[in-house]
Amino acid sequence: MTTTARPTAVLDEYARALDGFDDALARVPAEALDGPSACSEWTIRDVVGHVVWGQDLLAALAQGRPHHDRTGAPGAPAPGVLVAGDAVTGWRRARARADATLDEPTLGRVVTVPPFGEIPLAGFVTLLVTDLLAHSWDVAHGAGVGIQLDPTLLDGALGWSRGHIQRGPGAIGPEVPVPADADLQARFLGFLGRDAARPVR
């Protein structure tokens, strides 16, 4: 997995994806956090825990530290334990920890990310942009909150997904067909196995 975008562009896109997730999570009522999400088998809190796990993994990769914790990995049974209590505060603290490790030179660090092997850290950050977009929708949709994903990120995220995602248990489900005239957000969600027309709650 590679990325040809300039480091500044990668960090800018990543910041917008982070902001989008933050906005989506902030609009989820506290009482909805332990209800179902658009991710099968996960509550909304579990989705947040998974995203926090991704932030912790990013920080470890950026600093060249080992990261063996699988609590929030894709397919893990209860990632929500990573954000017990105030999920918004837990997420923001994890974001701040990861942000503190990132700069343009660090994006060039070669890291090992299964199943992609050795890649520049910028490639993993690009993966996280797609992950954050999808999970922004997951938490909002699960809570019945309408959401418009950042249209400036969707085209690149869909292109990245077409070349890199892996489907299977604990990963991405089968593609959901969408109408021929579906907008970019619906096509992105459908490709990632999400049915935007199906209510969760």
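## How much is buried

Of the 201 residues in this protein, 47% are buried. Keep in mind as you read that this is a predicted model. The accessible surface comes to about 9600 Å², and carbon and sulfur atoms account for 54% of that area.

## Overall build

Let's start with the elements. The protein has 7 helices and 2 strands, and from the N terminus on they run α-α-α-α-β-β-α-α-α. The radius of gyration is 16 Å, close to the 17 Å that the globule rule gives for 201 residues, so the protein is as compact as a globular protein of that length.

Taken along the principal axes, the C-alpha atoms fill a box of roughly 45 × 40 × 30 Å. Among contacts with a separation of 6 or more, 70% are between residues 24 or more positions apart.

## The nonpolar core

Next, the inside of the protein. Its largest nonpolar core has 62 residues, and those with the most contacts inside it are Y14, V48, L58, W91, L121, F124 and F188. Two or more residues come from each of α1, α2 (44-63), α3 (87-99), β1 (110-113), α5, α6 and α7. Helix α5 gives the most to this core, with 13 residues.

L121 is a good residue to click on. Setting aside neighbours within four places in sequence, L121 is in contact with L58, L61, A62, L102, T106, L107, R109 and V111. Of these, L58 is also listed among the core residues with the most contacts.

## Helix α6 and its two sides

Helix α6 (residues 151-164) lets you check a simple rule. At 1.5 Å a residue, its 14 residues should span 20 Å, and the end C-alpha atoms are indeed 20 Å apart, which agrees.

Which residues of α6 are buried? They are L153, L154, A157, L158, W160 and S161. These residues cover an arc of only 170 degrees around the axis, which puts them on the same side of α6. The spacing fits a general pattern: an α-helix has 3.6 residues a turn, so residues three or four places apart point the same way. On the face turned away from the buried side, α6 carries the exposed residues T152, D155, R162 and G163. The buried residues of α6 pack against α1 (7-26), α5 (121-142) and α7 (184-191).

## Helix α7

One of those partners, α7, is mostly covered, with 6 of its 8 residues buried. The buried ones are L184, Q185, F188, L189, G190 and F191. What covers them includes α5 and α6. Among these residues, F188 also appears in the list of core residues with the most contacts.

Just after α7 comes G193, which takes a positive phi of about 80 degrees.

## A close look at V47

Finally, a residue in helix α2: V47. Is V47 buried or exposed? With a relative accessibility of 0%, V47 counts as buried, because the cut-off for that label is under 20%.

Which residues does V47 touch, leaving aside its neighbours within four places in sequence? V47 is in contact with S37, C39, W42, H135, D138 and V139. The pair V47 and H135 is worth displaying: the two are 88 residues apart in sequence, yet their C-alpha atoms are 6.9 Å apart in space.

Conventions
Residues numbered from 1 in each chain as written. Predicted model: local features only at pLDDT ≥ 70, side-chain atom pairs only at ≥ 80, totals over all residues. Heavy atoms only, no water. Helix = DSSP H or I, 4+ residues; strand = E, 2+ residues; numbered from the N terminus. Expected span 1.5 Å × (residues − 1). Buried < 20%, exposed > 50% of the residue type's maximum accessible area, 1.4 Å probe, protein only. Arc of directions from axis to C-beta. Contact = heavy atoms within 4.5 Å. Rg over C-alpha atoms; globule rule 2.2 N^0.38 Å. Areas by Shrake-Rupley, 256 points an atom, 1.4 Å probe, with all protein chains shown as cover. Core = buried A, V, L, I, M, F, W, Y, C linked by side-chain atoms within 4.5 Å.
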